[in-house]
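Student: I would like to learn how to read salt bridges in a model. Could you take me through some cases?

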Amino acid sequence: SEAHSLVSRKSNGCMGWPPVPNFLFLGFSSYMYRDVLEPVVATLRKHSKNHTVLLHDRYGAPANTPGGEGVEFQSIWNHWTSAVDNQKKMMCQKLRLAVSEIEDGGALPTIVRDQDTPVWPRMRASFEWLFRAYLPGLVAQAAIAQHILTRHRPSLLISPDVADARTRLYCLLGRQLGIRALEVQFGMCGRDGVEWQFFVADRLAVWGSAGREWMLTHGVPAERIVVTGSPRHDGLVRMCPQDCSRTWLSLNVPSNSTVVVFASTYSIPEDNRCWDPDTLALTKRAIFEAVARIPGIHMVVKPHPLENVRQTRQLATGCHNVQVCDPGIDIRDLFGACDAVITLGSTATLDALICGKPVIFPALYGSVYEDDQFLNSGAVVVSRTPEDLVGCLRKIAGGCSAEILAHLESARQQFVRNWAFQTDGLASARVAELALELANRDTTSPSTPSDRV
């Protein structure tokens, strides 16, 4: 049958799984793996005999992820067996029964509230999506996760952040099976990071003291938090002039230009933590028009991996000195080579500050991204109007970057110190050390708090 043929083509993953102790890295997001996990993989290869398995949900090995001795790439779909298929069917049946019980009970309209205000009429469609689409779509992933963790029992699960439901599945199942897990913070954390309230891993490697404080407010136990710095930032302190030259050459950036990188972002209409779509479009267009007014500046726009690039290109129509690059380019390479950076409050803002670049935050049209941790830091130039932005860009084009940096330097150093711990290029080594400590601990004894916070 067609189903049997599908299983036959995919069920070869177990044969390639290392029979020796191994670390299981959850690489479902290619850019999270590249930025956060790959540097740790490279470090562990040098200092551990444990093999490494990179798990992803694509077919074949992910692009641009070098392996090497002791590193095995595994697609979850290579573990799709008839037994996993049967497990999925059983899980689907249990999910349908659970949803029926919830809906038949009739309690949702009463308990879905914003404090004392009923919000069920506004939230009903979201629950329909949760019950009919989102959760059913995760069932196959859950069945495979149960198979992999039960059969292969890795020494340690290593996950890049908790924002991805796929990584949460493995950490939850690992906890049930007694398999330790290490979460590595990927992006900035603030009051909106409610996903951390469901933290279940044994340890969390955070960037710095500011991230630690936010995690505590979300209920992550203090004894599970270890400040390591971010592997993402290690590469920012190792740039050389030759790297910069190659970056602009590969993008055909005009020579002798003052290059400004715009770390663009995206909007999700139903997510109030993100930019309002209309305000974001207005802001982007204002940025492009400001750049177009200044001779000698060339802007390289780096779209967010989740961004609608076609829409961003349309917003830049008519701006001859604005170039929208491929969203797959590593933004850290651009920051290392540019003269200044424009951001809208994303994680890239901290990257640029670590690189020691003048950072401009266009807080236009009365709207900002998430909370105001960047705006009030004193580490960035805040442009409140399009004319403010034009004036700042004229200074950059006129060679005043050093003057701008000097004015911001004290606040920049303090902000980086609070958020990124030590930008010494050794965060990957600290995370790898923590991973080894967890993996080598006696699994028959209860987990004990780490002394390093």
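Student: Let me begin with one residue: is Glu 213 buried, partly exposed or exposed?

Tutor: Happy to help, and do keep in mind that this is a predicted model. Glu 213 counts as partly exposed, at 44% relative accessibility. Its salt-bridge partner is Arg 212, with 3.5 Å from N to O.

Student: And how does Arg 212 count, buried or exposed?

Tutor: Buried means under 20% relative accessible area. Arg 212 has 17% relative accessibility, so it counts as buried.

Student: How do I read a salt bridge inside a helix? Which residue pairs with Glu 409?

Tutor: Start with the spacing along the helix, then look at the atoms. Glu 409 and Arg 412 both sit in helix H16 (residues 401-420), three residues apart, so about one helical turn separates them. They form a salt bridge whose closest N and O atoms are 2.9 Å apart. Glu 409 counts as partly exposed at 24% relative accessibility, while Arg 412, at 14%, counts as buried.

Student: Where do Asp 85 and Lys 89 lie?

Tutor: Both belong to helix H4 (residues 82-105), and they are four residues apart, about one turn of the helix. Their side chains meet in a salt bridge at 3.5 Å, N to O. Lys 89 is exposed, with a relative accessible area of 51%.

Student: How many salt bridges does the structure hold, and which residues are linked in a network?

Tutor: There are 18 salt bridges in the structure. A network of them links Arg 34, Asp 35, Arg 232, Asp 330, Arg 332 and Asp 351.

Note on methods
Residues are numbered from 1 along each chain as its sequence is written. This is a predicted model: local features need pLDDT of at least 70, side-chain atom pairs count only at pLDDT 80 or more; totals for chains, interfaces and linings use all residues. Side-chain values use heavy atoms; hydrogens and water are left out. A salt bridge is a side-chain nitrogen of Lys or Arg within 4 Å of a carboxyl oxygen of Asp or Glu. Helices (H or I, at least four residues) and strands (E, at least two) are DSSP runs, numbered from the N terminus. Buried means under 20% relative accessible area, exposed over 50%, partly exposed in between (1.4 Å probe, protein chains only).
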